[in-house]
Structures are given as C-alpha cells and as structure tokens.
Amino acid sequence: MSQKLKAGILGGTGMVGQRFIALLENHPWFEVTTIAASPRSAGKRYEDAVGDRWKMDTPMPDAVKDLVVMNVNEVEAVASKVDFVFSAVDMSKEEIKAIEEAYAKTETPVVSNNSAHRWTEDVPMVVPEINAEHMKVIEFQKKRLGTERGFVAVKPNCSIQSYAPVLTAWMEFEPYEVVATTYQAISGAGKTFKDWPEMVGNVIPYIGGEEEKSEKEPLRIWGEIKDGVIVPATSPVITCQCVRVPVLNGHTAAVFVKFRKKPTKEQLVEKLTSFSGLPQELGLPSAPQQFIQYLEEDNRPQVTEDVDYEHGMGVSVGRLREDTVYDWKFIGLSHNTVRGAAGGAILCAELLKAQGYITAK
C-alpha cells in the first residue's frame with residue numbers, strides 16, 4: 001500500500017465523489033487517503049457524513065468509512081496529506097476555479113471532473129484515447145502558476161462521450177457537419193429517482209448549459225497547442241439538443257453526420273472497432289481493452305444491456321445507416337458517471353502518472 005500514490009477526493013460526499021471512491025477501491029496505483037468536503041461535513045467520519053446518501057450500487061468501501069472528512073477550504077492542510085487530488089466540488093464556477101488553482105499552487109496536481117477550467121487556455125481537457133498530447137500544455141500552465149509540479153487538468157463533459165470518440169475514429173473521412181440529440185440520465189444531475197421522483201415517466205427538454213458544452217467541447221479536444229495554449233479546431237460544426245430522460249445511468253446520443261469523403265458502412269465500422277489510443281498502448285489500469293464496440297442488432301445499444309460495457313469505460317454504437325438528408329446516422333451510448341465523469345478522470349490521472357506529471361511528493 002505504501003507504494004501507491006496518495007489521492008485526495010475534493011467533494012467526496014457528493015455523487016461523483018462517491019463514484020471516485022467506489023472506482024478507486026483496490027486501484028493498483030492510487031489509494032484514497034484523504035476526503036475533503038464542505039465545512040458541514042468536516043470533522044465527521046466519512047460514513048457518518050454521507051449517512052443514507054450513499055448512491056452507488058456497490059457498498060461503501062471499508063477503507064474509507066473511518067476517514068475523518070477534512071474541510072475542503074483548508075487547502076494547505078488537505079494538500080499536505082496527498083500526492084494529488086481529484087476534484088468533484090459543488091461550488092460556483094468562480095469558486096471552483098479559485099480553489100483548484102489554490103491546490104495546484106501547493107504543488108498538488110488537480111484532476112478535475114468540474115467544468116470551471118475547461119476553457120482555461122493552458123489547462124488540458126482530455127479524453128485519453130483522443131488527445132493525450134494535450135497534457136504537454138501543463139508545462140506552460142506551471143510557468144503561469146509559478147509551480148514545479150502543481151497544475152490542473154480536466155476531463156470533458158459527460159454528454160460528448162457517446163459521440164466525440166466515434167467522430168474521432170472517422171476523422172480521415174472528414175466529417176464537417178453533425179447534428180446530435182443526447183438523451184441524458186438523471187445521475188448526470190447528481191440525482192437518483194428517490195431524490196427526483198418528478199423524473200419518473202417524464203422527459204425534460206432542457207439541461208442548463210449542456211447544449212453549448214456538447215457543441216463546443218469536442219472542438220477543443222480536437223484542437224492543437226499553439227504558443228502555450230490550446231486552440232480549438234473549427235470543424236466539424238456540431239449542433240446539439242440535450243434532453244433529460246428517466247434513466248439512472250447512461251447517456252444515449254442520436255447523431256447525423258455529413259462527410260466530405262464518402263465512406264462505406266464497412267469502412268466506418270472497421271474504424272470504430274479498431275480505434276484505440278495511448279491508454280490501450282500503455283495498458284493503463286482503467287483503460288478499456290476495446291474502446292468502441294459496434295452492435296449489429298437493430299435494437300442496440302440499450303442502457304440495460306450495454307451501459308456497463310468495459311466496466312462502463314467503453315462506448316457502444318449501433319444503428320449505423322445511411323440517411324436521406326445527411327450521409328450517415330447512428331446511436332451511441334456511454335456511461336455518464338464512469339467514462340463520463342469519475343472513471344474518465346481516473347484514466348486521465350493514470351495517463352498523467354504514466355507521463356511523469358503525477359509523482360509521489
């Protein structure tokens with residue numbers, strides 16, 4: 001155990017914080033040694049602070065039950081106990097920006113699930129299979145912050161995971177116009193049906209801020225580093241609608257694509273099933289063996305059948321067919337709190353460790 005890196009969870013009592021804790025149980029590289037949350041939880045045993053609000057479908061790990069929750073605002077005290085932190089704090093965007101940079105300035109790397117720093121020009125926003133090279137911008141960020149090892153890295157929004165990897169696999173065919181509608185699970189709002197009974201049998205055609213993220217964040221992932229900042233790509237153009245549906249876990253996307261080059265279905269499917277990246281090459285602990293699976297059945301992917309593909313770290317695609325207005329259309333599915341949130345951030349941390357950015361203090 002002593003050789004594992006010591007990880008802290010900022011915002012450890014919320015749903016994403018809980019997911020971090022569940023996924024990090026028995027992790028080969030990282031050990032959760034510190035949990036920090038709001039002042040109202042500070043000083044309590046973790047099990048007592050969470051109480052009846054444990055929302056995972058697996059039991060709370062014994063290793064964290066007796067950890068005394070620290071005050072997330074006591075940055076120096078928390079930072080002194082860890083090698084790096086995962087951030088899932090529930091604060092305003094400006095407060096999140098400030099506290100994540102405060103931790104970074106204590107020479108503590110921050111791997112964040114939050115959106116606050118996704119458009120900070122020298123903060124990498126990474127899907128490790130797609131744009132691992134963006135981590136190089138950290139060197140420029142450290143100069144700005146005046147740090148030797150402290151920095152902030154983020155993962156993108158959960159909504160894009162079911163289609164951005166697919167479009168990435170098809171880039172050689174030059175997709176240039178995309179229409180996507182996402183059907184998003186309630187856990188994306190940090191809720192269960194017990195918390196949100198109004199969602200049972202209901203559809204809400206609005207999720208604040210989600211459509212802009214869904215349209216713009218893929219372009220930043222496909223961008224490049226120039227003069228110490230990440231410059232977003234300009235194509236393909238994406239327009240999106242985001243709808244909340246009565247599903248607990250799993251974001252589904254219905255997507256239409258126009259290509260400059262005209263691929264066959266066989267070519268598109270082959271590109272999906274063979275697509276991999278640095279996590280697969282390095283054999284990172286949380287990396288799916290096969291990132292994207294293609295399902296031939298007309299009624300797949302389905303949340304109940306496919307959301308846990310590759311332990312929730314893979315993407316499932318089906319119903320790829322020619323369209324009468326666009327060139328091709330498909331359905332994508334990803335697990336929003338695993339690949340789309342905590343699991344995606346853990347994979348980023350594994351990549352950062354493999355690249356030498358996260359080390360023992």
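How do the residues of the lining of the second largest pocket divide into nonpolar, polar and charged? In this predicted model, that lining consists of twelve nonpolar, nine polar and seven charged residues.

**The second largest pocket**

The second largest pocket holds about 590 Å³ of space. Its lining is made up of 28 residues. Those lying nearest the centre of the pocket are Arg 19, Leu 23, His 311, Met 313 and Val 338. Three helices, α1 (15-24), α12 (303-306) and α13 (338-354), each contribute at least two residues to the lining. The greatest contribution comes from α12, which supplies four residues. Rolling a probe the size of a water molecule over the atoms shows where empty space is left.

**Val 16 in helix α1**

Helix α1, which helps to line the second largest pocket, also contains Val 16. Apart from its neighbours within four places in sequence, Val 16 is in contact with Ala 88, Asn 113, Ala 341 and Ala 342. Val 16 and Val 89 are 73 residues apart along the chain, and their C-alpha atoms are separated by 8.9 Å.

**Strands β12, β13 and β14**

Strand β13 (residues 315-322) pairs with β12 and with β14. The two pairings are set out below.

| Strand pair | Direction | Bridges | Residues standing opposite |
|---|---|---|---|
| β12 (residues 292-295) and β13 | parallel | four bridges | Tyr 294 and Val 317 |
| β13 and β14 (residues 328-334) | antiparallel | five bridges | Gly 318 and Ile 331 |

How many residues make up the hairpin connection from β13 to β14? The hairpin joins these two strands through five residues. In a regular strand the side chains alternate between the two faces of the sheet.

**Helix α9**

Helix α9 comprises twelve residues, from 210 to 221. What span should a helix of this length have, and what is found between its end C-alpha atoms? At 1.5 Å a residue, counted over one less than the number of residues, the expected span is 16 Å. The end C-alpha atoms are 16 Å apart, and therefore the model agrees with the expectation.

Within α9, the buried residues are Glu 210, Ser 214, Glu 215, Glu 217, Pro 218, Leu 219, Arg 220 and Ile 221. These buried residues are covered by several elements, including the helices α6 (128-131) and α8 (164-169). The strands β7 (175-184), β9 (229-231) and β10 (237-244) also belong to this cover.

Notes:
Residues numbered from 1 in each chain as written. Predicted model: local features only at pLDDT ≥ 70, side-chain atom pairs only at ≥ 80, totals over all residues. Heavy atoms only, no water. 1 Å grid on protein atoms, 1.4 Å probe; cavity = no way out; pocket = protein on both sides within 12 Å on 5 of 7 lines; lining within 4 Å. Points joined across faces, edges and corners; volume = space filled by probe spheres on them. Nonpolar A, V, L, I, M, F, W, Y, C, P; charged D, E, K, R; others polar. Buried < 20%, exposed > 50% of the residue type's maximum accessible area, 1.4 Å probe, protein only. Contact = heavy atoms within 4.5 Å. Pairing = 2+ DSSP bridges.
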